[in-house]
Amino acid sequence: MKHLFTTLIFTFPIICQAQSQPDTLKARSLDEVVVTASRVIESILVSPVSVQKVSAKATALSPALTFFDALENVQGVHMITPSMGFKVLNARGFSNTTNVRFAQLTDGMDVQSPHIGGAIGNALGPTDLDIASIEILPGTASALYGMNTVNGLANFFTKNPFNSQGLSIQQKTAVNHLNDSHSRARPFTETTLRFAKVIAPKLAFKINGAFTKGYDWIASDQTELNGNANSSTQLFGADNPASDPVNKYGNESSNRKTVTLGGKRYVVSRTGYQEAEVVDYNLQNIKGDMGLYYKVAPGAMLTYTYHFGLLDNVYQRANRFRLENYLVQQHGIQYQSASVQAKLYVNSENTGRSYNLRSMAENLDRSYKSDTDWYADFTRGFNNAITGGAAVANAMRQARAVADAGRYLPGTDAFNTQLRKLQDINNWDAGAALRVKADFVHAEAQVSLTEKYLKAWKDKYELDILLGADHRTYIIVPDGNYFVNPEPGKDGKSITYGKTGGYVSLNKDLFQKKLRLGVILRADKNDYFKTTFNPRLSAVYSPEHDHNIRISFQTGYRFPSIFEAYSNVNSGGVKRVGGLPVMSQGIFENGWLANSITSFQQAVLNDINQSGLTQDAAIEKNKGLLKKNPYTYVKPEHTQTWEAGYKGLFFDRALFVNADLYFNRYSNFIAQTNMNVPVSSDAATIPHDLYDKARQAQYRMYTNSRSIINNYGFSVGLNYQLEKKWIFGVNTTFARLKNAENQDGLEDGFNTPKWMWNGSVSRTNLFDNLDATVSYKWQSTYYSQTFLVTGNVPSYSSLDAQLTYRFPMLKSLVKVGASNLLNKYYVSFLGGPSVGGMYYVTVAFHVE
């Protein structure tokens, strides 16, 4: 068997084809080259910052269902699963379901969805058949890549049709939801094709397509979020009329009211619906791309590419959404030579018929009966039940049955008709539609001065100089619900939001190339903020070729995303407003912290029910609990990162060691906080307004934490080759949040396990043409903070395995595998779906 050890930092085997001659680590130089760390070609061993490289051959032997899923096992990478069709990559903490701090690129072009500010899984990324390699920078990359890379980036490189021609077809067939209490077993299929051809000595093209169909993972967490709402009347658990399970919607704070029943005050919520009742879990994703490649000159290539994704699956930010006919596209032109690189590309999105699950649930309830009528019926039903001798808890149940008379019942024609109607109402006070159209235009260029124009400097002084510049403009079409144009006289006109930046990079070799020093300085100017400067200083010391030590310091920044800057949406009675002054003038100045209002209202309720105070007396007693909002308009987020690392080879180059450690210090951390604005500005009246929900407006605002936030961690990876055919891999990652000063509780969302472990064993040529892989992943429990739910995510583990049999004469293979082989259901974050086993068969063939 030919044995290709194509990358040493991946957690599972990297062996796939047969060869007639021995091919050991010692025979191979292991000088894999990377581009992403410095934006120039360099050996991975001497990269100035942490970088992980993953080859296509490595992903081909992964037990994961797709190459994208396989990235969960890469050293330093943390992945969460909001949906089978929407997985989120992150590194080094502060994970969330959109993750605007970690970028994804395909061939150097950002594949984010413009209004979300992050990539939707692999919607615009390569297919399994077209992936050539992956480079992941786990850590700040702002000096070279600009905004929104404070946690890192992943760069996916695709196959060049000049080097990889022919027709390839791959069919995956799988089953999941085995032993799922919420679903019967379901099929999964994915058909992928790639066709590439050189049609002239200088011209080639390729076409890729993938069609995926399945049934999504189900979110049904019944953890109670409002268990103490009626503690003053001793109604808990199933007796609590204000119950709010995590994945039941339409019974949140804006759907609750304090009512007087039998002389006491009770908090009562509308009934709401379970997630599975208001979402279609059928998953169908279609994506494709095409590329034209023209050799302008030897070593120079001009490329046009087009990518699209049409999505039907589940997505999550503060609320969960059903994406339906969600279209994302990218057109891009690139020029690449040894000394000059230039890119111009446009990303666009159209959310189609997508909708908000929470808004759908609450407006299904409100569309058959208003809150006013429902609570009147509830009161009547309660009083009748008490008169009939029912205990309070039973009276609550009877009252709900009376108030729910005529309610739309899931599965009925009336329910389905109303759901489709609300799906098309683009106003979350009455409907649930998500109707956003947004684009961004990005242009960038870089010149390696010493590669061609100042080559004498490189030869004489061993100096490399790189210059780069970029510009991006976002264009948002106001829809009147999610986005509005706040500028006077521009109502209905598109919103633009842009930034321009540039950098200079210098690298100098010293002491016969044993020491390499690097300096990068970047400057960026956003439309609403002052110029931001971000340097990177690095040093790599190589006492021997096989042993390399690196240290670096750099700063990073993040401008507010489109949603953080410009949102203007009413979500369940809580208006989410962007943090720019043009959006939020007057709110910060007049707001009171919502958590203090909640404590105040509960204290007043307790004193009324338990101490017999009048409402006015209870308000006067407890008004000191109210806290004025101390936050203000959003500013760019900054981080400082110190990093050190080592890459080395031992035992006659059979063992590869890759280690890094880091320390991050964040300031102006962009976060959210809830605040309410009373209708009155009279100090004496404000406490009374803040006790009455009808006399205050609720807001969720984007602002900056006043905390100085530190986090630190390390990762270590070992890969060992034994007797040419065995590969053993293990890596571990540690991450920790440590606040420093001025703690204010807004630095939520670290959402990262303290420990992650990955281990694998692979064997090629187990029998003739048969390869095998077994891998194991474990991550510790972690504390998760989101606006949907806060609590501990349980630890979980996953055992994956695969067998691949190749038919060399037919250029085909059959692969049988399973991810989560033992089918132990787990959640990767609170409020998300339960993920079980996926058992699949893949058949693939290639024709030249």
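Tutor: Start with a definition: helices (H or I, at least four residues) and strands (E, at least two) are DSSP runs, numbered from the N terminus. This is a predicted model, in which local features need pLDDT of at least 70, side-chain atom pairs count only at pLDDT 80 or more, and totals for chains, interfaces and linings use all residues. Residues are numbered from 1 along each chain as its sequence is written, and side-chain values use heavy atoms, leaving out hydrogens and water.

Student: In which strand is Leu 327 found?
Tutor: Take its accessibility before its place. Leu 327 has a relative accessible area of 26%. Buried means under 20%, exposed over 50%, and partly exposed in between (1.4 Å probe, protein chains only), so Leu 327 is partly exposed. Its strand is β19.

Student: How far apart in space are Leu 327 and Thr 773?
Tutor: In sequence, 446 residues separate them. In space, C-alpha to C-alpha, the distance is 36 Å.

Student: Which residues does Leu 327 touch?
Tutor: Contact means heavy atoms within 4.5 Å. Residues up to four places away in sequence are not counted. The list for Leu 327 is Phe 308, Gly 309, Leu 310, Ser 348, Glu 349 and Asn 350.

Student: How many salt bridges are there?
Tutor: Side chains of opposite charge can pair when their charged atoms come close. The rule here asks for a side-chain nitrogen of Lys or Arg within 4 Å of a carboxyl oxygen of Asp or Glu. By that rule the count is 43.

Student: How many residues apart in sequence are the parts that Arg 322 and Asp 280 tie together?
Tutor: The two side chains form a salt bridge, 3.8 Å from N to O. Arg 322 lies in β19 (residues 320-336), and Asp 280 lies in the loop between α4 (275-278) and β17 (282-297). The pair therefore ties together parts whose separation in residues is 42.

Student: Is Arg 322 buried or exposed?
Tutor: Its partner Asp 280 has a relative accessible area of 33%, which makes that residue partly exposed. Arg 322 has 3%. By the cut-off, Arg 322 is buried.

Student: Which residues are linked with Arg 322 in a network of salt bridges?
Tutor: The bridge to Asp 280 is part of a network. The other members are Glu 324, Arg 353, Asp 424 and Arg 435. With Arg 322, then, the network links Asp 280, Glu 324, Arg 353, Asp 424 and Arg 435.

Student: Which residue forms a salt bridge with Asp 377?
Tutor: Asp 377 counts as buried at 18% relative accessibility. The partner counts as buried at 13%. The closest N and O atoms are 2.8 Å apart, and the partner is Lys 369.

Student: How many bridges join β17 to β18?
Tutor: Two strands pair if DSSP finds at least two bridges between them. Strand β18 covers residues 300-316 and runs antiparallel to β17. Lys 295 stands opposite Met 301 in β18. The number of bridges is 13.

Student: Which residue takes a positive phi in the hairpin of β17 and β18?
Tutor: This hairpin has two residues between the strands. The phi is near 80 degrees, and the residue is Gly 299.

Student: What backbone oxygen does the side chain of Asn 240 reach?
Tutor: Asn 240 lies in the loop between β12 and β13 (248-249), and it counts as buried at 5% relative accessibility. Its side chain has a polar atom 3.0 Å from the backbone nitrogen of Ala 242. The oxygen that its side chain reaches, at 2.9 Å, belongs to Asn 226.

Key. A polar contact is a pair of N or O atoms within 3.5 Å; within protein, one must be able to donate a hydrogen and the other to accept it, and residues adjacent in sequence count only if both atoms are side-chain atoms.
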